[in-house]
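Q: Hey, can we walk through this structure together? I'm new to this, so plain words please.

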Protein chains: 2
Amino acid sequence: MSHPVSPLAPAHLPILPAIPGVRLATAEAGIRYKGRTDVLLALLDPGTEVAGVFTRSRCPSAPVEWCRERLPGGQARALVVNSGNANAFTGLKGREAVALTAGIAAEAAACRPEEVFLASTGVIGEPLDARKFAGVLDRCAAGATPDAWPDAARAIMTTDTCPKLATRRVRIGDVEVTLNGIAKGAGMIAPDMATMLAFVFTDAAVAAPALGAMLARGTETSFNCVTVDGDTSTSDTLLLFATGRAGNVRVERADDPAAEPFRRALDELLVELAQLVARDGEGARKFVTVEIEGAESDRSAHRIAMSVANSPLVKTAIAGEDANWGRVVMAVGKAGEPADRDRLAIWFGDVRVAAEGARDPGYDEAAATAAMKKDEIRLKVDLGIGPGRARVWTCDLTKAYVEINGDYRS
Amino acid sequence: MSHPVSPLAPAHLPILPAIPGVRLATAEAGIRYKGRTDVLLALLDPGTEVAGVFTRSRCPSAPVEWCRERLPGGQARALVVNSGNANAFTGLKGREAVALTAGIAAEAAACRPEEVFLASTGVIGEPLDARKFAGVLDRCAAGATPDAWPDAARAIMTTDTCPKLATRRVRIGDVEVTLNGIAKGAGMIAPDMATMLAFVFTDAAVAAPALGAMLARGTETSFNCVTVDGDTSTSDTLLLFATGRAGNVRVERADDPAAEPFRRALDELLVELAQLVARDGEGARKFVTVEIEGAESDRSAHRIAMSVANSPLVKTAIAGEDANWGRVVMAVGKAGEPADRDRLAIWFGDVRVAAEGARDPGYDEAAATAAMKKDEIRLKVDLGIGPGRARVWTCDLTKAYVEINGDYRS
């Protein structure tokens with residue numbers, strides 16, 4: 001199954017520079033797809049530190065459990081990602097497949113299995129035949145290069161219509177360091193496909209606990225602010241690897257002032273990757289930014305924003321280019337957070353459609369309709385009761401989403 | 001806009017008997033629709049007691065606020081329901097429209113405005129011109145009859161494709177009493193339409209506080225167990241009127257043993273009406289019963305059931321007749337409730353597709369596919385960790401849902 005490239009995809013892929021200490025290779029392991037790459041091996045120099053954030057699902061995949069158990073070690077030498085099979089809901093066989101994959105990768109990378117990190121995306125509930133990685137990962141290791149970023153981003157795709165890459169360059173003290181990231185995700189989980197995965201690599205020297213704190217904070221305002229369908233994958237994985245090869249004074253603490261530019265660059269890069277996921281949402285034709293202001297607190301604002309961004313009725317209205325503020329009121333009301341109906345104001349783009357709990361006296365249907373015709377829609381709500389604010393990103397809900405997720409096996 | 005009758009609608013409408021103390025009339029008030037009735041007046045004999053349950057939305061409609069304020073009085077003499085305009089998010093004008101409608105109805109019914117109950121469904125955010133009820137409600141009152149139940153159920157429809165009625169007859173002590181109910185609802189709220197409303201009438205003599213307790217309990221296992229799209233209306237209203245004309249010994253307490261058959265009949269009737277709403281869900285082609293067993297508690301089971309029933313990916317899979325248990329695992333996992341992946345078992349119809357956290361060893365694709373082809377799908381999950389159970393009803397998510405809610409104004 002393949003779908004045309006999202007109309008919201010960037011016109012050009014960014015060019016990612018090499019990162020000292022990182023080499024990449026991809027291959028066709030034949031897990032599920034034919035005629036395309038489906039496995040990525042990243043080799044990491046000795047001394048690479050690692051942090052991760054994972055799905056909150058109570059039914060996580062076997063690779064997620066593997067990574068969680070290995071993280072406290074803080075050291076990584078290899079990353080293996082396969083597409084086509086998520087190795088989720090596969091019971092004991094899933095754990096065996098993970099151990100076998102890590103063993104094969106450890107031999108290829110000349111490291112210990114505990115230093116191998118894994119992620120899988122694709123079919124749920126089907127055993128993953130990890131024996132297919134034998135030989136394949138050896139050849140990958142032999143041919144790994146520092147510049148295979150576009151290939152890496154492609155090998156991890158499932159229902160994605162385009163590869164997702166981002167890069168930043170920044171200084172820690174006097175030393176220039178680089179951050180590269182790749183991601184995939186189109187539905188949070190899909191037919192027999194999809195999930196959200198992201199991997200960030202840097203040559204900065206940062207201690208694993210500091211990396212972990214920075215990544216957790218950055219996730220709050222990036223990947224935790226994006227939704228396509230509100231469905232949380234069993235396999236969501238975000239990993240950050242720091243090779244330390246740039247030679248900066250090692251950052252020991254997340255709040256080290258010298259690391260501020262690095263933290264900011266990391267935050268930006270995570271936001272860029274998260275937005276790319278919403279832009280490539282299954283069936284998406286509109287990229288939507290939901291901004292909430294005037295809520296009781298930031299936390300309350302975030303909940304209201306997610307209630308709006310996950311509402312099927314708001315998302316179908318946007319697909320229909322209908323400035324339907326009644327549905328926005330509904331979604332604010334159902335969030336269960338403090339709100340005063342008679343203080344609400346709502347904007348589509350720059351057009352205020354509602355104020356003081358009723359239609360804006362100066363409401364202009366033509367202006368509102370023009371705002372809805374754009375590819376990128378900003379939907380703002382001011383609750384008028386406090387200082388809380390939040391911003392999340394989503395896409396519209398189209399017939400193509402139902403087609404991709406409903407008609408696939410029929 | 002009109003859509004073909006849901007394939008899940010009952011083949012025949014039930015015939016509702018007269019209820020002593022209740023007379024009904026409908027009319028065309030011209031609120032929004034042309035060539036169809038859009039207002040219902042129910043006249044209730046003196047002494048009628050009333051209870052109600054309303055939306056949990058923090059942005060409720062003006063009629064919901066009116067009813068909430070009048071409920072403590074416990075007395076009702078008239079109900080006015082209009083379709084076409086929800087009188088929600090209409091600010092001060094909304095409150096004025098409600099007061100004006102109650103005044104007009106009170107004159108027509110020769111009662112006090114405080115004894116008039118109101119519900120509105122339709123467009124959100126447009127002022128309701130209540131002056132249109134003048135004259136109309138007078139004529140309704142003059143022509144009200146005890147047998148206009150099908151007309152009543154039709155007058156309150158919006159995107160509904162069929163009227164929804166149910167009836168029960170039961171004894172309190174030696175006295176036979178009747179319960180009649182009508183409902184509407186297709187999306188929880190829709191383009192410029194829809195919401196969930198239900199009205200139940202009985203000739204039993206039951207004190208308002210007892211009615212309230214019975215209704216609250218009955219709602220938990222009926223209307224709170226049904227979802228079409230997870231979007232909560234600003235206007236959801238369920239009212240129960242008891243005229244007392246049957247002449248039974250007045251029920252003073254909800255736990256009166258003599259009222260047990262009545263309570264059971266009420267519960268059944270509410271479930272029947274709630275199921276009718278899911279069967280007429282916008283675009284629905286499949287009626288889905290989600291059963292959760294083996295959860296930590298009933299409350300936990302209910303949350304998991306709603307997570308499954310609201311998942312776009314589960315609902316699109318059902319639309320595609322795909323026995324996609326991986327998505328069920330996802331939806332169980334994202335509920336955030338206690339679960340042990342490796343104890344999960346999942347059934348579609350009678351076919352166990354997964355057991356002990358993996359595909360069922362005896363999985364038969366043909367049998368699973370056959371189960372998915374049916375109009376009515378039972379989806380069962382056993383979590384295997386406790387005694388908690390719950391059952392909720394929903395429908396599939398089809399392209400027609402997106403069409404109804406997205407293409408309407410374009």
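**Strands, helices and two chains**

A: Sure, let's start with a pair of strands: strand E7 (residues 175–184) of chain A and E8(A) pair in the antiparallel sense over six bridges. Two strands count as paired if DSSP finds at least two bridges between them. Helices (H or I, at least four residues) and strands (E, at least two) are DSSP runs, numbered from the N terminus.

Q: Before we go on, what kind of model is this, and how are things numbered?

A: This is a predicted model, where local features need pLDDT of at least 70 and side-chain atom pairs count only at pLDDT 80 or more, while totals for chains, interfaces and linings use all residues. Residues are numbered from 1 along each chain as its sequence is written, and chains are lettered from A and ligands numbered from 1 in the order in which they are written.

Q: Back to E8(A). Which residue stands opposite A:Gly181 there?

A: That's A:Val200.

Q: And what about strand E9 of chain A, parallel or antiparallel to E8(A)?

A: Parallel: E8(A) and strand E9 (residues 237–242) of chain A are joined by six bridges. In that pairing, A:Thr202 sits opposite A:Ala242. To get from E8(A) to E9(A), the chain crosses through helix H5 (residues 208–220) of chain A, and this β-α-β crossover is right-handed. Right-handed here says that, with the strands pointing away from the viewer, the path from the first strand over the helix to the second runs clockwise.

Q: Why is E8(A) said to be largely enclosed?

A: Because six of the six residues of strand E8 (residues 197–202) of chain A are buried, the rest of the structure largely encloses it. A residue is buried if 20 or more other C-beta atoms lie within 10 Å of its own, exposed if 12 or fewer, and partly exposed in between, with C-beta atoms placed from the backbone.

Q: Which residues cover each face of E8(A)?

A: A:Leu197, A:Phe199 and A:Phe201 are buried on one side, and A:Ala198, A:Val200 and A:Thr202 are buried on the other. In a regular strand the side chains alternate between the two faces of the sheet.

Q: Zooming out, how many helices and strands does chain A have?

A: Chain A comes to eleven helices and 15 strands. Of its 410 residues, 63% count as buried.

Q: How does the radius of gyration of chain A fit a compact globule?

A: It agrees: a compact globule with 410 residues would have a radius of gyration near 22 Å, and chain A has 22 Å. That radius is taken over C-alpha atoms, and the globule rule is 2.2 Å times the number of residues to the power 0.38. The C-alpha trace of chain A spans about 70 × 55 × 40 Å along its principal axes.

Q: New topic: how does chain A relate to chain B?

A: A turn of 180 degrees and a shift of 0.0 Å along the axis lay chain A on chain B with an RMSD of 0.0 Å. That is the relation of a two-fold axis. In chain A, the C-alpha nearest the axis belongs to A:Lys399, 2.5 Å from it. Copies are superposed by least squares on the C-alpha atoms of residues with pLDDT of at least 70 in both.

Q: How many residues does each chain put into the contact?

A: 59 residues come from chain A and 57 residues from chain B. Two residues are in contact if their C-beta atoms, placed from the backbone, lie within 7 Å. H9(A) gives the most to the side of chain A that touches chain B, with eight residues. The copies meet through the same surface, because 97% of the interface residues of chain A are also interface residues in chain B.

Q: Is H9(A) covered or open?

A: Mostly covered: ten of its ten residues are buried. Those buried residues pack against elements of chain A including helix H7 (298–310), strand E11 (345–348) and strand E12 (351–355). After H9(A) comes A:Gly336, whose phi is positive, near 80 degrees.

Q: Last one: which sheet do strands E10 to E15 of chain B make?

A: An open sheet of six strands, in the order E13-E12-E11-E14-E10-E15 (chain B), with mixed pairing. Strand E13 (358–359) and strand E15 (388–395) of chain B stand at the edges, each with a single partner strand, so one side of each has no neighbour in the sheet. Inside that sheet, strand E10 (residues 287–295) and strand E14 (residues 376–382) of chain B pair in the parallel sense over seven bridges.
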